[in-house]
Structure formats: C-alpha cells, structure tokens
Amino acid sequence: MLTLGIETSCDETGVALYDSERGLLAQALHSQVAMHERFGGVVPELASRDHIRRLLPLTRQVLDEAGLAKSAIDAIAFTEGPGLAGALLVGAAVAQALGYALGKPVLGVHHLEGHLLSPMLSADPPAFPFVALLVSGGHTQLMQVDGIGRYTLLGESVDDAAGEAFDKSAKLLGLGYPGGPALAALAERGQAGRFDLPRPKLHSGDLDFSFSGLKTAVATRIARGLPDDQARADLACEAQAAIVDVLVAKSLAALRQTGLSTLVIAGGVSANRRLRERLADAALRHGLRVHCPEPALCTDNGAMIAFAGSLRLQALIRAGAALPQPGAIDVRPRWPLRSLTAA
Ligand code: KG4
Ligand code: ZN
C-alpha cells in the first residue's frame, strides 16, 4: 500500500511516499527557516502562505523521484494536529482534495505519534515496548510505548519544552532562529563548568521537567555581563549541558521505573549531538539500547506522517474496519496524545 504523507504543522513543508512493502520511496522537505529568520520566530500567517506555495510542487517532486503517477497513491495521510491552525489547514485541504480527486482514503495523523514512531523507520528499528523521550519545540515528554496508539505518559515538562529552553537561551545570547542548532554550534567552541547554571528538577524524584528557571538563570548571567566571545560560548555550553543532564537523568530513571531497557529519542532536540553522545555513553555503561533516528527524521518531516498513517491504515485493514474516506477539512491545533486509541 502506497501512502502519501503530508506534514504542514509548523515551519516545514514535508511530503513523502511510504510503501508498506518497499519502505520509504521518496521524501522532500522545504524549511521556512530563512523566511522567518528576520522575525526571530515563526510568523503563522507567513507559514500558511508558504505551505500553499510549496505543497503541490513537493508532491510532484516525490512522485517523480519514485517514478510513480498520482494514480499509484493508495491513501493520503496528513498532520491533523497539534500545530498552527492555518498551517495545518493547508495540509488538510490538499489531502482531502487529493483524496476526493483520486477516490482514495484520507487519514489525519497526530504529529507527536509521527515523531514517536519515526525511529521505526531507521535501519535498525526498535521493538515494542520502549521508553520514548519526545523532545521538540513544543513538547518534552517521557512515554512508555507498548504499541501503536498505546502510549502511557510517564512525565512531562511543567513549563517550557526542552526545545524552547534551547531557543530562548539562544535568543538571550543573541543567536538567530531556530536557536537549538545555533546554540549547539556555539557550545561546540565552549567549555562547561565555567558558569553555574541550575539543573531544574534533577532530584525531584518524579519524571517531570521544568526548564523556565534555566532561561531565567541564563538571562541573569548575561545581565551581569559577558566579557568576550569565549564567555558566550562557555555559557552556551553550560546551558546545553544543563538541559542534556536533566534529559539523560530522567530518561534513565524512566527506564528504571518501567523495567524496560530500550530508549528511543524523537523530536527536533533529539538531533542534538551532545544529547546523543551522552545517551550512547549511558547505554554502554548500563547495558541499554538507545535508538536515535537519523537527524533528518528527528525534526519535522513528511516521512514520519506517511509512516504513522500507513501503520494505522494497515491496522484498520487487518481488523476489517472501514478506511476513512475524504471529508471535511478539519484540523486539531490542540490534540492531546492521550486521546489516541490503540491501533
Ligand atoms: O520537532 P521539531 O522540528 O518541531 C516541533 O514539533 O517543535 O523541533 C524543533 C525544536 C526547536 O526548538 C529547535 O531549536 C530544536 O528542535 N532543535 C535542536 C537541534 N535541532 C533542532 N535543539 C538542540 N540541538 C539541535 N541540534
Ligand atoms: Zn515536530
């Protein structure tokens, strides 16, 4: 079964073709980073308009790359939420229109389910059950994953997400948007230990996170003055170390608590090199398996939506259930993951 996946929840237009027998056939991505950069963050109206410009050319591109015609598409999966309402509507409208035109099923996919299952697209896919650390611009969650749609929340951020902590610290340091990769790059030139930053909730005994205090600590330190570029790099390095310390400690605690030995990381922040190194170290020391998807699958992309959609559609087929037919252009900008049902 050939599924076209469409991702337009934020500032990336992603399209991909996933075949249930042959795997990922083609994917294409357009990042709006350059467009939003001068505004210091995502401008929702500009994001929607750009998705309109990009979506059909990218769809044509993946079909050409796979050497297939539109008529070969068996189903269409699109990100229904959570995300920016206007941006999501573009993907939903194109998905439903294509579904009507081709007479094929259309399925709305939960963006975070896409992230959660994306490690299974990698060369060495993890097996259920596993613990997932989902770290993106909007979410920081530890989840027990027992199967498709069988997710138990173990802990989450009570305030800022890990990606937000990166982005806000980067902004305070005068770095551009998106801040995560920029802060990580500056941190490469710095040394940890020169500044003292908090590791919020490190010893709280639960699996929740809090990152807003870290941003305040970075702001306070900057307000006292940083003498030179090396000091900026050292502060970036310490901010990254503080975030990574907490993410690693809580992930290991989640594995202990659940008795599981496989950890999967997903979401934009899981592209962070330092986080990956620290988790790989811990895996060696504690005899754990850590799955890190390829960096291209960590940030938003169409492949994860095509894949998650395909898994859900195949489960419906196996159960002999009706497939969702094209219908109204509905999106869910706020859509709790816990409301999903098992496939
Ligand atoms: O999953 P994602 O692409 O979009 C959301 O669904 O939010 O995640 C974006 C987040 C941003 O906060 C970005 O700064 C962060 O992921 N990010 C990184 C890195 N690459 C992206 N944070 C730290 N290090 C990176 N290398
Ligand atoms: Zn995302």
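His 115 and Asp 300 are both buried, and I would like to start from these two residues in what is, I should say at once, a predicted model. Both belong to the zinc site: the protein donors of the zinc ion, ligand 2, are His 111 through NE2, His 115 through NE2 and Asp 300 through OD, and they lie 2.0 to 2.2 Å from the ion. Written along the sequence, the spacing of these donor residues reads H-x3-H-x184-D. The pair I began with links distant parts of the chain, since His 115 sits in helix α4, residues 111-117, while Asp 300 belongs to the loop between α10 (295-298) and α11 (302-318), 185 residues apart.

Let me turn now to the sheet. This is an open sheet of five strands in the order β8-β7-β6-β9-β10, and the pairing is mixed. Which strands stand at the edges? They are β8, residues 150-156, and β10, residues 289-291, and because each has a single partner strand, one side of each is left without a neighbour in the sheet. From one strand to the next, the twist averages 25°.

At the β8 edge we can look at the pairing in detail. Strand β7, residues 140-147, runs antiparallel to β8, and the two are joined over six bridges. Within that ladder, Gln 141 has Glu 156 of β8 as its bridge partner, and Gly 147 stands opposite Arg 150 in β8. The two strands form a hairpin with two residues between them, and in the turn Gly 149 has a positive phi of about 80°.

Helix α8, residues 229-258, lies across several of these strands, namely β6 (130-135), β7, β8 and β9 (262-266), and its direction is at about 155° to that of β6.

Finally, a helix pair. Helix α5, residues 162-172, packs against helix α6, residues 179-188, at an angle of about 65°, with the axes 7 Å apart. Angles of 65 to 115 degrees count as roughly perpendicular, and α5 and α6 are therefore described as roughly perpendicular to each other, although you will notice that the angle of about 65° falls at the end of that range. The crossing of α5 and α6 is left-handed. As for the residues that make the contact, α5 contributes Phe 166, Asp 167, Ser 169 and Ala 170, whereas α6 contributes Gly 179, Gly 180 and Leu 183.

Terms used
Residues numbered from 1 in each chain as written. Chains lettered and ligands numbered in written order. Predicted model: local features only at pLDDT ≥ 70, side-chain atom pairs only at ≥ 80, totals over all residues. Heavy atoms only, no water. Donors = N, O, S within 2.8 Å, 3.2 Å for Na, K, Ca; no water. Helix = DSSP H or I, 4+ residues; strand = E, 2+ residues; numbered from the N terminus. Buried < 20%, exposed > 50% of the residue type's maximum accessible area, 1.4 Å probe, protein only. Pairing = 2+ DSSP bridges. Axes fitted to C-alpha atoms, helices over the stretch in contact; angles between N-to-C directions. Contact = heavy atoms within 4.5 Å. Parallel < 35°, antiparallel > 145°, perpendicular 65-115°, else oblique. Left-handed = near helix turned anticlockwise from the far one by under 90°.
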